[in-house]
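Ready for a few warm-up exercises? Have a look at the structure below, then work through the tasks at your own pace.

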Amino acid sequence: MKILLVNPPNSGRSIPEEEYGIDSIKSIFRGEPLALEVLAGNLRDHEVMILDLKVEPDALVASLAAFAPDIVGLTGMTCEANAMVAQAKVIKANCQALVVVGGIHASNDPDFFHQPAIDYIAIGLGKASLRQLVLALEQGGDTSIIPGICKVGSGSTANYTPRQFSMADLVDDVPPAYELVQRYRQHYILTSLQLDMGFVATAFGCPFRCHFCCIKGLTDGRYLAHSIATVLRDISLLPDVPIIRLLDANTFANVEHATKLATALKEANLGKQFLADVRSDTVVKHPELMTLWKEAGLRAVIVGFEEIDDSSLSAMNKANSVAVNSEAITILHDIGITIIGDFIISPSYNHSDFDRLERYITEHQVDLPMITVLTPLPGTPLFDDMQAEISIDDLDYYTLTNAVTPTVMAGKEFYQRYAALLKMSHSGASL
Ligand SMILES: C[S@@+](CC[C@H](N)C(=O)[O-])C[C@H]1O[C@@H](n2cnc3c(N)ncnc32)[C@H](O)[C@@H]1O
Ligand code: SF4
C-alpha cells in the first residue's frame, strides 16, 4: 500500500503575542519527526513517504497529488490537534485516502478525533498496531478488533479495545526509517549550537505520575526500554549527526539498564554528544550513573524541577522535593553536565511568586531554564482537577506557554513578568 505520514505544521497560538504584542514567548518545535520514522520503519514492505509540514508548510496538496496515497497518517501533540483535523479535511477534499491519526493527543483524548474527516485513531504506541491496521486494510480483515485502534463510526465517542502495551509494541528488531527524512536533515539543527541534531528513542513511558504530565497515555503507564543493541544500532544510523537527543520522557528510570547502556556507549566510542531527560532524585540517588554517562558523552540533561516549594511539588504529585532539586544541581555542576531546567509557573502566580522564582534561578545557576505555564492537558489528572476553571478550550493555545485558566494578576502584567523571566534566564545561557 502507499502510505503518506505527515508531520503537522507549527501551529500553536500565543496569547501574549496576540493580546499584548509580546512576541518572545512563542513555542516553536523543531527536530525530526521520530514518531513517523518509527512507524515507517515497521512498514518497510509498503511504499511510505514522510512529509514534514514544519519544513514545507504548503506541500500537502501537491504531495497528495504526486504520491496518491491509500492511507495518510498524522501524529501530533495537543496544541497540534486542531491542525491535524484541518489537514485531515484537506486530505479528504483532495483524495480518497483513509486518514489515521495517532500520537499523544490521540492517545489521551481519542474522542476529540471522532470526526468525519478521520477514519481511524491509533491510541498509544502505534508501531505494531498501525502495521496490523494496514495489513487488515490490505487483506480486507476486520479493523475494529485491533487493540489500540479505534474505527471512527457513528456516535460521538471513540469505542475500541484497549491495548496491553508490552515490549512487543517496541518492535525492537526494525529501526526507524531515518532515510525517509534525509531531504530535510539540514533543517534539524540544535539552534543554540548550530549543530545537526538527531533523535533516538531509548525508552517509552515513565513510572511516575506527575498530575500535569501527558506521558502515561502513550504506554498506558508502562515503562518500556529498548535493548542496548537497538539503541546502538539507531545511533549508528545517524553517522553524520554530532548531537543526539534521546527523545525519552525519562531515560534513566531503570537504573540498571541505564548503567548498561552508558557502559556500552562508552565502549562503542561513537563520538556523539547526548541530551537526555533525568529526574533530580535519580541524579541524587545515583551520581555515579551521571558520571558514567558524562564519560559516555552526556552533554546536557533536561530536569523537571517544576516548582520551588515542597507544597507545590506535592500538589503536582511530583514525588520529589526542593532539597533534592538543589542537591541535583550541585552534583550536575560538579560533574560538568549542563542543566536545562524545567520550571512551571502557575496562572495563580503574583509578583512575589515571580520574584522568588527569579531569585531561585539566579542563585542556583541553572544553565538554561525552560519555563512553562501550568496547562491542564486533556487526559491528565490535572485536567480533571482544573476542568471547571478552564477559560480557553481552543487547543491551539495548549502550547504550555499560555494561561488557559484565568490569571490572578492582570493578563498583561502576568505575561510581562513571564517574558522578563525568560529574558533574564536566557541572557548568556548556552548549552
Ligand atoms: C518530560 S518532562 C521533563 C523531565 C523529566 N521527565 C522530569 O520529570 O524531571 C517535560 C517537562 O515539560 C513541562 N510540562 C509537561 N507538561 C506540562 C503541563 N501540562 N503544563 C506545564 N508544563 C508542563 C514540565 O516542566 C516537565 O518537566
Ligand atoms: S514529568 Fe517527568 S517524571 Fe513526571 S510523569 Fe512526566 S516524564 Fe515522568
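Strands here are DSSP runs of E that span at least two residues, and they are numbered from the N terminus. Keep in mind that you're looking at a predicted model.

**Exercise 1.** Find out which residues come nearest to ligand 1 and which polar contacts they make.

*Solution.* Start with the shell: 18 residues sit around ligand 1, and A249, G304, E306, K318 and T375 come nearest. Next, go through some contacts, using a cut-off of 3.5 Å between N or O atoms. A polar backbone atom of A249 is 2.8 Å from a nitrogen atom of ligand 1. On the side-chain side, E306 places a polar atom 2.6 Å from an oxygen atom of the ligand. T372 joins in too, with a side-chain N or O atom 2.9 Å from a ligand nitrogen. Finally, check the cover: ligand 1 alone exposes 570 Å², and the protein buries 87% of that.

**Exercise 2.** Work out which elements give two or more residues to the shell around ligand 1, and what classes of residue that shell has.

*Solution.* Three names come up: β13 (298-306), β14 (338-345) and β15 (368-373). Of the contributors, β13 gives the most, with four residues. Now sort the shell by class, and you get ten nonpolar, three polar and five charged residues.

**Exercise 3.** List the residues around ligand 2 and sort them by class.

*Solution.* Walk around the ligand and you'll meet C206, F208, C210, F212, C213, A249, R279 and K318. Six of the shell residues are nonpolar, two are charged and none is polar. You've met A249 and K318 already: they're also among the residues that come nearest to ligand 1.

**Exercise 4.** Decide how α3 is oriented relative to α4, then do the job again for α8 and α9.

*Solution.* Take α3 (residues 60-67) and α4 (residues 81-94) to begin with: their axes are 10 Å apart, and the helices pack at an angle of about 40 degrees. An angle from 35 up to 65 degrees counts as oblique, so α3 and α4 are oblique to each other. Their crossing is right-handed.

Then turn to α8 (residues 228-236) and α9 (residues 255-268), whose axes come within 10 Å and cross at roughly 40 degrees. That makes α8 oblique to α9, and α8 passes α9 in a right-handed crossing.

How values were computed
Residues are numbered from 1 along each chain as its sequence is written. Chains are lettered from A and ligands numbered from 1 in the order in which they are written. This is a predicted model: local features need pLDDT of at least 70, side-chain atom pairs count only at pLDDT 80 or more; totals for chains, interfaces and linings use all residues. Side-chain values use heavy atoms; hydrogens and water are left out. A residue is near a molecule or strand if one of its heavy atoms lies within 4 Å of it. A polar contact is a pair of N or O atoms within 3.5 Å; within protein, one must be able to donate a hydrogen and the other to accept it, and residues adjacent in sequence count only if both atoms are side-chain atoms. Accessible areas come from the Shrake-Rupley method with a 1.4 Å probe; for residues, only the protein chains shown count as cover. Ala, Val, Leu, Ile, Met, Phe, Trp, Tyr, Cys and Pro count as nonpolar, Asp, Glu, Lys and Arg as charged, and the others, Gly among them, as polar. Axes are lines fitted to C-alpha atoms, for helices over the stretch in contact, and angles run from 0 to 180 degrees between N-to-C directions. Angles under 35 degrees count as roughly parallel, over 145 as roughly antiparallel, 65 to 115 as roughly perpendicular and the rest as oblique. A crossing is left-handed if the near helix is turned anticlockwise from the far one by less than a right angle, and right-handed if clockwise.
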